[in-house]
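User: I would like to go through the side-chain interactions of this model with you. Could you bring it up first?

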Amino acid sequence: HDRRTLLARDILDQIHKVFEGKVFNTVITRSVRLEESPAYRASIFEHAPSSTGAAEYYALCEEVIARV
């Protein structure tokens, strides 16, 4: 998700409206570290463990586990 663009924010709002209650709260935002990690053949947790992207993916994992 690119928070800088109005289009991305509008689409995110529409997703929440259409799929109310089924969408995770965590939003994975666009970042250079996330884009770099596949090139290094590493997960974001290996490539940049203290990055925002790693924290967001960790939060998503916590949400998934909580729903199980």
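User: How many aromatic pairs are there?
Analyst: A search of the whole structure finds zero aromatic pairs. Please bear in mind that this is a predicted model.

User: What sits over the ring of phenylalanine 24?
Analyst: The charged end of arginine 67 does, at 4.1 Å from the ring centre.

User: Now the salt bridges. How many does the search find?
Analyst: The search of the whole structure finds four salt bridges. One of them joins aspartate 2 to arginine 30, with the closest N and O atoms 4.0 Å apart. This pair links distant parts of the chain, the two residues being 28 residues apart. Aspartate 2 lies in the segment before helix 1 (6-18), and arginine 30 lies in the loop between helix 1 and helix 2 (32-36).

User: Is aspartate 2 buried or exposed?
Analyst: Aspartate 2 counts as buried because its relative accessibility is 16%, which is under the 20% limit. Its partner arginine 30, at 53% relative accessibility, counts as exposed, since the threshold for that class is over 50%.

User: Which other side chain does arginine 30 meet in a salt bridge?
Analyst: Arginine 30 also meets glutamate 35, with an N to O distance of 2.8 Å. Glutamate 35 counts as partly exposed, at 46% relative accessibility.

User: And what does arginine 33 pair with?
Analyst: Arginine 33 forms a salt bridge with glutamate 36, at 3.1 Å from N to O. Both residues lie in helix 2, three residues apart, or about one turn of the helix. Arginine 33 is partly exposed, with a relative accessible area of 43%, and glutamate 36 is partly exposed as well, at 23%.

User: Which residues are joined into one network by salt bridges that share partners?
Analyst: That network consists of Asp2, Arg4, Arg30 and Glu35.

User: Changing topic to helix 4: what span should its 16 residues have?
Analyst: Helix 4 covers residues 52-67 and, at 1.5 Å a residue, should span 22 Å. The C-alpha atoms at its ends are 23 Å apart, so the model agrees with the expected value.

User: Why 22 Å, given 16 residues?
Analyst: The expected span is 1.5 Å times one less than the number of residues, and therefore the count used is not the full 16.

User: Which residues in helix 4 are buried?
Analyst: Gly53, Ala54, Glu56 and Glu63 are buried in helix 4.

User: And what covers them?
Analyst: The cover over the buried residues of helix 4 includes helix 2 and helix 3 (44-47).

Methods. Residues are numbered from 1 along each chain as its sequence is written. This is a predicted model: local features need pLDDT of at least 70, side-chain atom pairs count only at pLDDT 80 or more; totals for chains, interfaces and linings use all residues. Side-chain values use heavy atoms; hydrogens and water are left out. A salt bridge is a side-chain nitrogen of Lys or Arg within 4 Å of a carboxyl oxygen of Asp or Glu. Helices (H or I, at least four residues) and strands (E, at least two) are DSSP runs, numbered from the N terminus. Buried means under 20% relative accessible area, exposed over 50%, partly exposed in between (1.4 Å probe, protein chains only). Rings of Phe, Tyr and Trp (its six-membered ring) pair if their centres lie within 6.5 Å; planes under 30 degrees apart count as stacked, over 60 as edge-to-face and the rest as tilted. A charge sits over a ring if NZ of Lys or CZ of Arg is within 6 Å of the ring centre and within 35 degrees of the ring normal. Contact means heavy atoms within 4.5 Å.
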